[in-house]
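Welcome, and please take a moment to turn the structure around before reading on. We will begin with a single residue and work outward from there.

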Amino acid sequence: MPPTDTISASFSLCGESARVTCVVDGDTFWLDAVKYRISDIDTPEISEPRCQEELTLGEAAKLRLLSLLNEGPFGLKAGLRDEDKYGRKLRAVYRGGHSLGDVLVEEGLARTWTGQRIPWC
């Protein structure tokens, strides 16, 4: 069952300063100083891309996630694991009962997470 849309925030892109409420990349963001990884998708890497196409697609995914998170209230849903090995909270992000991760997949900016990384190049 999807969560209710009770979270509202104004997101920016993360920079070098303190990360409080901002978007890191297409599947990672900070909310109220807590780092989250969207659990139902995988997006291209922008910190260590393996090719120019991956970087370009990853930057587009980051900007689209920023836009989606700023469109209005949303909810977070925990899955089987609370955190990943990097200490990020693993959550699916929903609005109006629909996964924002699915939106990114439908737009070609992400893949459904299958439990393993698949190269983008």
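Leaving aside residues up to four places away in sequence, Val24 touches Cys14, Arg19, Phe29, Trp30, Ile46 and Lys62. This is a predicted model, so keep that in mind as you look at each neighbour. You will find Val24 in strand E2, which covers residues 22-25. Is Val24 buried or exposed, or somewhere in between? Its relative accessible area is 21%, and buried means under 20%, so Val24 counts as partly exposed. From Val24 you can also look across to Arg37: the two are 13 residues apart in sequence, and their C-alpha atoms are 9.8 Å apart in space.

Arg37 leads us on to another residue, because Arg37 is among the residues that Asp42 touches when contact means heavy atoms within 4.5 Å. The other partners of Asp42, again not counting residues up to four places away in sequence, are Asp27, Ala110, Arg111, Trp113, Arg117 and Trp120. Asp42 sits in strand E5, made of residues 41-42. With a relative accessible area of 4%, Asp42 is under the 20% cut-off and is therefore buried.

Next, follow the chain to a pair of strands. Strand E6 runs over residues 75-83 and strand E7 over residues 89-95, and they pair in the antiparallel sense over five bridges. Which residue of E7 is the bridge partner of Leu76? Look for Val93. Together E6 and E7 form a hairpin with five residues between them. In the turn, Gly87 has a positive phi of about 85 degrees. As you trace a strand, remember that in a regular strand the side chains alternate between the two faces of the sheet.

Now step back to the whole chain. There are two helices and nine strands, and from the N terminus on they follow the order β-β-β-β-β-α-β-β-β-α-β. The C-alpha trace spans about 40 × 35 × 30 Å along its principal axes. A compact globule of 121 residues would have a radius of gyration near 14 Å, so the 13 Å of this chain agrees with that.

Some totals complete the picture. Buried residues account for 40% of the 121 residues. Of the contacts between residues at least 6 apart in sequence, 56% join residues at least 24 apart. The accessible surface comes to about 6800 Å², and 52% of it belongs to carbon and sulfur atoms. Finally, the chain carries 15 positive and 19 negative charges, whose mean positions are 4 Å apart.

Terms used. Residues are numbered from 1 along each chain as its sequence is written. This is a predicted model: local features need pLDDT of at least 70, side-chain atom pairs count only at pLDDT 80 or more; totals for chains, interfaces and linings use all residues. Side-chain values use heavy atoms; hydrogens and water are left out. Helices (H or I, at least four residues) and strands (E, at least two) are DSSP runs, numbered from the N terminus. The radius of gyration is taken over C-alpha atoms; the globule rule is 2.2 Å times the number of residues to the power 0.38. Buried means under 20% relative accessible area, exposed over 50%, partly exposed in between (1.4 Å probe, protein chains only). Accessible areas come from the Shrake-Rupley method with a 1.4 Å probe; for residues, only the protein chains shown count as cover. Lys and Arg count as positive and Asp and Glu as negative; His and the chain ends are not counted. The place of a charge is taken as NZ of Lys, CZ of Arg, CG of Asp or CD of Glu. Two strands pair if DSSP finds at least two bridges between them.
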